[in-house]
Amino acid sequence: MVMTVDDWVLEAVEALGRGNGATLRQIQRHIDEFHYEELAVDTIEVSLERLVKLGKVVGQANRWLPVKKTSKEEVLKKLFGE
């Protein structure tokens, strides 16, 4: 399976972002350690912006957190009401 930069960034945010969230440098370090790629800060920032637009991460005070996944029941309630 080929992973994109967005996949790596999302993986890092999910691994590090619980609790207080992950900083940009922590994300960069995670990708370097687990994927042996040294990504530039601006590359990670562009990826984070894309992931925010897709609703997969949120940014708070220079920290990034994964968006809480909704259950099937919550999705059905949103679609059809209670």
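For charge counting, Lys and Arg are positive and Asp and Glu negative, with His and the chain ends left out; each charge sits at NZ of Lys, CZ of Arg, CG of Asp or CD of Glu. This is a predicted model, where local features need pLDDT of at least 70, side-chain atom pairs count only at pLDDT 80 or more, and totals for chains, interfaces and linings use all residues. Residues are numbered from 1 along each chain as its sequence is written, and side-chain values use heavy atoms, leaving out hydrogens and water.

**Exercise 1.** Work out how far apart the mean positions of the positive and negative charges of the protein chain are.

*Solution.* Start with the counts: the protein chain has 12 positive and 14 negative charges. Then take the mean position of each set; the two lie 7 Å apart.

**Exercise 2.** Lay out the elements of the protein chain from the N terminus on.

*Solution.* Helices (H or I, at least four residues) and strands (E, at least two) are DSSP runs, numbered from the N terminus. Count them up: four helices and two strands. Now put them in order, and you get α-α-α-β-β-α.

**Exercise 3.** Place Glu38 in the chain and decide whether Glu38 is buried or exposed.

*Solution.* First, find the loop: Glu38 sits between helix 2 (24–35) and helix 3 (41–53). Next, check the cut-offs: buried is under 20% relative accessible area, exposed over 50%, partly exposed in between (1.4 Å probe, protein chains only). Glu38 has 71%, so Glu38 is exposed. Finally, zoom out: buried residues make up 28% of the 82 residues in the protein chain.
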